[in-house]
Amino acid sequence: MAKILVVTSGKGGVGKTTTSAAIGTGLALRGHKTAIVDFDVGLRNLDLIMGCERRVVYDFINVINGDATLTQALIKDKRLENLYVLAASQTRDKDALNIEGVEKVINELKANFEYVICDSPAGIEKGAHLAMYFADEAIVVTNPEVSSVRDSDRMLGLLASKSRRAESGEAPIKEHLLLTRYNPERVTKGEMLGVEDVEEILSIRLLGVIPESQAVLKASNQGVPVILDDQSDAGQAYSDAVDRLLGKEVAHRFLDVKKPGFLQRLFGGRE
Amino acid sequence: MSQADLLDQDPVFQLKGSMLAITILELTGNDLERLDRQLASKVEQAPQFFANAPLVLALDKLPATGSDLDLPALMALCRKHGLRTLAIRAGRDDHIAAAGALDLPVLPPSGARERPLEPAARPAAEPARPAEPAHRPTRLITTPIRGGQQVYAQGADLIVMAAVSPGAELLADGHIHVYGPLRGRALAGIKGNPEARIFCQQLGAEMISIAGQYKVAEDLRREPLWGQPVQIALSGDVLNITRL
Ligand SMILES: Nc1ncnc2c1ncn2[C@@H]1O[C@H](COP(=O)(O)OP(=O)(O)O)[C@@H](O)[C@H]1O
Ligand SMILES: [Mg+2]
């Protein structure tokens, strides 16, 4: 039976889709059969970041409505054997999702995969609620700024009270904090919250810190999840996060301001 | 019996009795303008508490001789303040008729409410519930209270053993104790008990209030005891903040 993982935040644009693609790909890279499901109906970003947007035939809503089977709708990744994507519909609105339909699809995925990653839309309304409702674990994606931390806090409240686990009195959803778009220089200057500040306010386990990185933009333009760019800081940080998710102890990296190396200082260089 | 007949016997519902805590707005006068003003000031004290609160409108305490009551206008007024009318409690025929016109359930006047649920089928109902104790046990919360969440200790004290986030709201008819950082709102003695107090390990609240007297973060931040362990008590209509 699969573990259902929701990637959520409350706030938009913090890196949920980037994270869903990276973590899902990372799990598949480590041999776990994984499906990534786009709950952001009407926007459809995940398939772009995964580089499979030209192969979308059927989507999540089609499966819910019975227009297609799950097998028909799942898009197999070209790079990895164990990786599948279920795209969101671009043409429907959010009301096309309903709890019975989502439950049906999730249960079917559960029987066939080891991990199901649910990429949540922004907000705390219906779409975000459906994305987290069936979750076993949650990755709460947060940027080091006050508004994002507040939205994450709010989302943590909903995870603890409005999920299936909460409503049926089962063990609560396991919560992980993923701090993304972290910029140590701006933290030093006091323009952003530091890791400790965010950990203190949200008081949940830190899964990882992903630095603000050019590599993310480059990767998403190419339709390659950034975790596959193992030379990049963001790719390595996501790799560490996946290892921690699987229970490994890995020290946190990329928390401090980089000192420019000797050659870089001489010749200048890329940031 | 055929398959279909058998299936037809399968119950698709269950009747359940339940005791709900519900707000009753007992009208003693029929002056909608005054009600509007008074409700507004009540709501201001605990806006979250009133947001979408279910309500029974009790009309049975209205003076028998008063002017006619405009039930739709009364409900609209309550709605404006966040209260949503579920039913009215009334004895007068014109009130019952007005509710009937709106398809609104009518409860019998207070004191005459004890009616068995299924009069014929179950003569020996469950034993009567013991009377509600005047003081309920303290409400104890051990997990963080996040922004957007609200906890109300009705008729009781409230103890929170974890952090209270900005945007969270604590309400108690009695005292409030917070053993984590208090960063949200805390309203003690909300039914007007001036003896209620607030105790916290780290004062970082957005608002504190006792019996309707309040201070917001802007004032609290100027306190020398901001961030410190404090107790807050009301003397007269002044909120006193002292070190714990
Ligand atoms: N670590 C990062 N460094 C730089 N840019 C990032 C990083 N993570 C996300 N972004 C950028 O932020 C934007 C929003 O990311 P996305 O994953 O779509 O967020 P969400 O799904 O939460 O709305 C995208 O343009 C993405 O490229
Ligand atoms: Mg997204």
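**Fold statistics, aromatic pairs and selected sites**

Chain A contains 13 helices and eight strands. The model is a predicted one, and the values that follow are best read with that in mind. Of the 271 residues in chain A, 53% are buried. The accessible surface of this chain amounts to about 12600 Å², and carbon and sulfur atoms account for 48% of that area. Sequence separation adds a further view of chain A: when contacts between residues at least 6 apart in sequence are taken, 73% of them join residues at least 24 apart.

We can turn next to the aromatic rings. Over all chains, a search of the whole structure yields three aromatic pairs. One of them joins Phe39(A) and Phe60(A) in an edge-to-face arrangement, with 5.0 Å from centre to centre and 80° between the planes. This pair links distant parts of the chain, its two members being 21 residues apart. Phe39(A) belongs to the loop between strand E2 (34-38) and helix H2 (46-50) of chain A, while Phe60(A) is part of helix H3 (residues 60-65) of chain A. Phe39(A) and Phe60(A) are both buried. Tyr133(A) and Phe134(A) also form a pair: the ring centres are 5.0 Å apart and the planes meet at 85°, so this pair is edge-to-face, the cut-off for that class being over 60 degrees. Burial applies here to both Tyr133(A) and Phe134(A).

A charged side chain also meets a ring in chain A. Lys33(A) is placed over the face of Phe113(A), 4.8 Å from the ring centre.

What makes up the nonpolar surface patch of about 420 Å²? Val12(B), Phe13(B) and Leu15(B) form this patch. Val12(B) is found in the loop between helix H1 (3-9) and strand E1 (23-26) of chain B. The relative accessible area of Val12(B) is 79%, so this residue is exposed, given that the class begins over 50%.

Ser165(B) offers a view of another loop in chain B, the one between strand E7 (158-160) and strand E8 (169-172). Is Ser165(B) buried or exposed? Its relative accessibility is 1%, and Ser165(B) therefore counts as buried, the limit being under 20%. Which residues is Ser165(B) in contact with, leaving aside its neighbours within four places in sequence? From chain B, the list holds Ile145(B), Arg146(B), Gly147(B), Arg183(B) and Gly184(B); from chain A, it holds Asp153(A).

How values were computed. Residues numbered from 1 in each chain as written. Chains lettered and ligands numbered in written order. Predicted model: local features only at pLDDT ≥ 70, side-chain atom pairs only at ≥ 80, totals over all residues. Heavy atoms only, no water. Phe/Tyr/Trp six-rings, centres within 6.5 Å; stacked < 30°, edge-to-face > 60°. Helix = DSSP H or I, 4+ residues; strand = E, 2+ residues; numbered from the N terminus. Buried < 20%, exposed > 50% of the residue type's maximum accessible area, 1.4 Å probe, protein only. Lys NZ or Arg CZ within 6 Å of the ring centre and 35° of its normal. Patch = residues over 30% accessible without salt bridge, like charges linked within 9 Å, V, L, I, M, F, W, Y side chains within 5 Å. Areas by Shrake-Rupley, 256 points an atom, 1.4 Å probe, with all protein chains shown as cover. Salt bridge = Lys/Arg side-chain N within 4 Å of Asp/Glu carboxyl O. Contact = heavy atoms within 4.5 Å.
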